[in-house]
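Student: I should like to learn how to read the fold of a protein from its coordinates. Could we proceed feature by feature?

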Amino acid sequence: MTEDEFFSLLSRLAAAWSRGRATEAADCFTDDVVYVEPPDRQRYVGRAEIYELSGGDDPPPMTMTVHQLAFNAARQAGFVEYTFRGRRQYHGIAFVAVRDGRIRRWREYHYADERDWATFAGEPQPYPGG
């Protein structure tokens, strides 16, 4: 996967979650994906569990906004900094490893916080492109 393909994959995932499209969101992940919030506060294994995490047959309102992305093509891994709103709003970062054009590992660290991203992150001006 190239850097551009990684950025596109994460954009597709954010769009799918934001539009309530659980099948499209789950399709961004491998069949054997492991999705965790250490230390196992959340743990989902496999695309079927990601489908349910994404709202299943009746997704609730949710949005994901991507703030920053980084990708190492040699390691096929990167990071995404994001804001996610479901029942609560979270700002966080996730380590993302990929295989065959899909996410095979997602490890996230996030904080529940209702402030906007710039205030939360202490960045009053967005980075160029971000």
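The dialogue below takes up the sheet, its hairpins, the helix across it, the aromatic pairs, the backbone and the largest pocket.

Tutor: Please keep in mind that this is a predicted model.

Student: Let us begin with the sheet. How many strands form it, and in what order?

Tutor: One reads a sheet by following its strands from neighbour to neighbour. Here six strands form an open sheet, and the order is β2-β1-β6-β5-β4-β3 with mixed pairing. Its edges are β2 (42-45) and β3 (63-72), each of which pairs on one side only. On average, and with direction ignored, neighbouring strands of this sheet are turned by 20° against each other.

Student: Which strands run parallel, and how many bridges join them?

Tutor: Strand β1, residues 29-37, runs parallel to strand β6, residues 102-112, and four bridges join the two. To locate this pairing in the model, start from V36, whose bridge partner in β6 is R107.

Student: How many bridges join β3 to β4, and in which direction do these strands run?

Tutor: The strands β3 and β4 run antiparallel and are joined by nine bridges. M64 has F84 in β4 as its bridge partner. The two strands form a hairpin with four residues between them, and Q76, in the turn, has a positive phi of about 55°.

Student: What joins β4 to β5?

Tutor: Nine bridges join β4 to β5, and the two strands run antiparallel. This hairpin has three residues between its strands. As a point of reference, T83 stands opposite H91 in β5.

Student: Across which strands does helix α1 lie?

Tutor: For a helix on a sheet, one asks which strands are in contact with the helix and at what angle the axes run. Helix α1 (residues 3-18) lies across β1, β3, β4 (77-85), β5 (89-99) and β6, and runs at about 165° to β3.

Student: How many aromatic pairs does a search of the whole structure find?

Tutor: An aromatic pair is read from the distance between ring centres and the angle between ring planes. The search finds 13 aromatic pairs in the whole structure. One of them is formed by W17 and F84: the centres are 5.8 Å apart and the planes are at 85°, an edge-to-face arrangement. This pair links distant parts of the chain, since W17 is in helix α1 and F84 is in strand β4, 67 residues apart. F84 has already appeared above as the bridge partner of M64.

Student: Let us turn to the backbone. Which peptide bond is cis?

Tutor: Omega describes the peptide bond, and phi belongs to the backbone of a residue. The bond from P38 to P39 is cis, with omega near -10°. P39 has its place in the loop between β1 and β2. D40 is also found in the loop between β1 and β2, and has a positive phi of about 60° although it is not a glycine.

Student: How much space lies in the largest pocket?

Tutor: Rolling a probe the size of a water molecule over the atoms shows where empty space is left. In this model, about 520 Å³ of space lies in the largest pocket. Its lining has 22 residues, and Q42, L53, F84, G86 and R87 lie nearest the centre. The elements that give two or more residues to this lining are β1, β2, α3 (47-53), β4 and β6.

Student: Which element gives the largest share of the lining, and how is the lining made up by class?

Tutor: The largest share, three residues, comes from β6. By class, the lining of the largest pocket holds 12 nonpolar, five polar and five charged residues.

How values were computed:
Residues numbered from 1 in each chain as written. Predicted model: local features only at pLDDT ≥ 70, side-chain atom pairs only at ≥ 80, totals over all residues. Heavy atoms only, no water. Pairing = 2+ DSSP bridges. Axes fitted to C-alpha atoms, helices over the stretch in contact; angles between N-to-C directions. Contact = heavy atoms within 4.5 Å. 1 Å grid on protein atoms, 1.4 Å probe; cavity = no way out; pocket = protein on both sides within 12 Å on 5 of 7 lines; lining within 4 Å. Points joined across faces, edges and corners; volume = space filled by probe spheres on them. Nonpolar A, V, L, I, M, F, W, Y, C, P; charged D, E, K, R; others polar. Phe/Tyr/Trp six-rings, centres within 6.5 Å; stacked < 30°, edge-to-face > 60°.
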